[in-house]
Amino acid sequence: MNTDHHVVVLGAGYTGMFAAIRLAHRTRRTGVRITLVNPSARFTERLRMHQVAAGQELAVHRIPDLVAGTGITFVQGTATAIDPDARTVTLDDGTRLDYDTLVYALGSATDTSRVPGADTHAHTLNGPRAATRFAEALMGLAAGDTVTVCGGGLTGVEAAAEIAEARPDLAVTLISTTEPGAMMGEKARAYLHRSLRRLGVTVLAGQRIAKVLPDAVELANGDLVPSAACLWTAGVAVAPLARESGIAVDERGLVVVDAALRSVSHPEVHAIGDAAAVRLAWGEVHGTCQSGLPTAQHTADTIARLVRGEQARPFRFGYFHQPVSLGRRDAVIQFTRADETPVRAYLKGRLAVLYKEVVSGSPLKTYRLSKRLNVTTVVSKGGRATRTA
Ligand SMILES: Cc1cc2nc3c(=O)[nH]c(=O)nc-3n(C[C@H](O)[C@H](O)[C@H](O)COP(=O)(O)OP(=O)(O)OC[C@H]3O[C@@H](n4cnc5c(N)ncnc54)[C@H](O)[C@@H]3O)c2cc1C
């Protein structure tokens, strides 16, 4: 079968990259053209941004090298507008791309808009530049200075541990409304807290942040936590592009999709990763690589099916684990049910470090293999809850 079908993939992060490469392999004999758009030619390993923030240098992976030999056209640019009726995307340099199918994979970023001062006085892990700026700020600090990490989700925990391990001379304070590791089982959570204590991280849990000041974080109870450098990791926000383009989004701006991950307002638009609002029978999928790569896999397979004239199938997924690094020498992995509630099994220490490293390195290995094979990233399909009749 030969067709002239143009697929534009917006965003070459973890999910857009996988969707493009897998689709290229699945449609290699059909004449489908794929264009992948990303602002930077360097692939960002977001899973490792806390390592950059702590001063580590990562290997450089260039997108043109990652897609070499697949037939994918890489365009360096930022999408500034989508006209879903005309089926065109406009880039920041004025380039217009026509598409038959669009894959929306713009990801998410840390939301610094919720608390005054966070956007001006706090650093983020929003990409290598931001993480490097924080690392440079750390270099300028003297022994005994306090670093605050705001947000006790897994990203905040990983960042606090990484900084404390790299700079034991600094006082690292993790500030969180909830208890760090709250979603883990009792034993894994206790291990996580022991590890943070060993690294010298002070945890202020149950604290709402009112304001970020140039040299302190002000809590809702009026207390001031000294802060020579502040890293903000709490909350996520998505790009307004889909909303501005008239594509149906939810109250957070995530693209609302049907069971096959197609936009409910524009079925030729497929949304994946952090930018998609995916609901399954057991609940809502939240932005992780663990769930994002399966959405990319499903979308590549769906587009290949549709191009062949076949029906789309519903997306099925269940969570499997919560891997958390605690510096370079420690980690804890909580295994979970499909809905992400913890089971008894967990890993800690050296074995967990090895496990976490395999997880963090697996997307790049998956891309390389996916040029030649249909590699699956789905560990759990969600069991009975996601099975349809
Ligand atoms: C420090 C940290 C640690 C994490 N650890 C884990 C973990 O251990 N396990 C886990 O499962 N998840 C983890 N996550 C979450 C995970 O990184 C995200 O869920 C994942 O990156 C989502 O993939 P994505 O493709 O949707 O978005 P991204 O990987 O963010 O990719 C989006 C891409 O779109 C590009 N883009 C944005 N706007 C435009 C535009 N207008 N035009 C064109 N391109 C655009 C961006 O530049 C980027 O390349 C972590 C996140 C952080 C920050």
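Q: I have this predicted model open. How far apart do the C-alpha centres of domain 1 and domain 2 lie?
A: A good way into a two-domain chain is to start with the centres. Here the C-alpha centres of domain 1 and domain 2 are 31 Å apart. The model is a predicted one, so please read each value as computed from it.

Q: Which residues does the domain assignment give to each domain?
A: Domain 1 takes in 6-108 + 238-318 + 379-386, while domain 2 covers 112-232.

Q: How many residues of each domain are in contact, and what kinds of residue are found on the domain 1 side?
A: For an interface, count the residues, then sort them by type. Eight residues of domain 1 contact 15 residues of domain 2. On the domain 1 side, four of the touching residues are nonpolar and four are polar, with no charged ones.

Q: Let's turn to sheets. What is the order of the open sheet of four strands?
A: Read a sheet by its strand order, then its edges, then its twist. This open sheet runs E11-E10-E9-E15, and the pairing is parallel. Its edge strands, E11 (202-205) and E15 (229-232), each pair on one side only. On average, neighbouring strands in this sheet are turned by 20 degrees against each other, direction ignored.

Q: How many bridges join strand E9 to strand E10, and which residue stands opposite Val-147?
A: Bridges let you check the register of a pair. Strand E9 (residues 146-150) and strand E10 (residues 171-176) run parallel and are joined by five bridges. Within E10, Val-172 stands opposite Val-147. While you follow such a pair, keep in mind that side chains in a regular strand alternate between the two faces of the sheet.

Q: What is the order of the open sheet of three strands?
A: The same reading steps work again. The order is E12-E13-E14, with antiparallel pairing. E12 and E14 (224-226) are the edge strands, each pairing on one side only. Neighbouring strands here are turned by 25 degrees against each other on average, again ignoring direction.

Q: How many residues lie between E12 and E13 in their hairpin, and which residue is the bridge partner of Lys-211?
A: For a hairpin, look at the connection and then the pairs across it. Three residues lie between E12 and E13. Three bridges join E12 (residues 209-212) to E13 (residues 216-219), and the two strands run antiparallel. Ile-209 stands opposite Leu-219, and Lys-211 has Glu-218 in E13 as its bridge partner.

Q: Now single residues. Is Val-257 buried or exposed?
A: Count the C-beta atoms around it. Val-257 is buried because 25 other C-beta atoms lie within 10 Å, where 20 or more are needed. Val-257 sits in the loop between strand E17 (255-256) and strand E18 (269-271). Leaving out residues up to four places away in sequence, Val-257 touches Arg-262, Ser-263, Val-264, Ala-271, Ala-276, Ala-277 and Val-278. Its C-alpha is 9.1 Å from that of Val-269, 12 residues away along the chain.

Q: And Ala-68: buried or exposed?
A: Ala-68 is exposed, because it has 12 other C-beta atoms within 10 Å and the limit is 12 or fewer. Ala-68 belongs to the loop between helix H3 (63-66) and strand E3 (73-76). From Ala-68 to Ile-21 the C-alpha distance is 9.8 Å, with their positions 47 residues apart in sequence.

Q: Where does UniProt place the feature "transmembrane region"?
A: Set a record's annotation beside the model. The unreviewed UniProt entry places that feature at residues 6-24. In the model, this stretch is 58% helix and 26% strand, and its end C-alpha atoms are 11 Å apart.

Key: Residues numbered from 1 in each chain as written. Predicted model: local features only at pLDDT ≥ 70, side-chain atom pairs only at ≥ 80, totals over all residues. Domains from an automatic or database assignment. Contact = placed C-beta atoms within 7 Å. Nonpolar A, V, L, I, M, F, W, Y, C, P; charged D, E, K, R; others polar. Pairing = 2+ DSSP bridges. Axes fitted to C-alpha atoms, helices over the stretch in contact; angles between N-to-C directions. UniProt positions renumbered as here; feature names shortened; annotations may be inferred.
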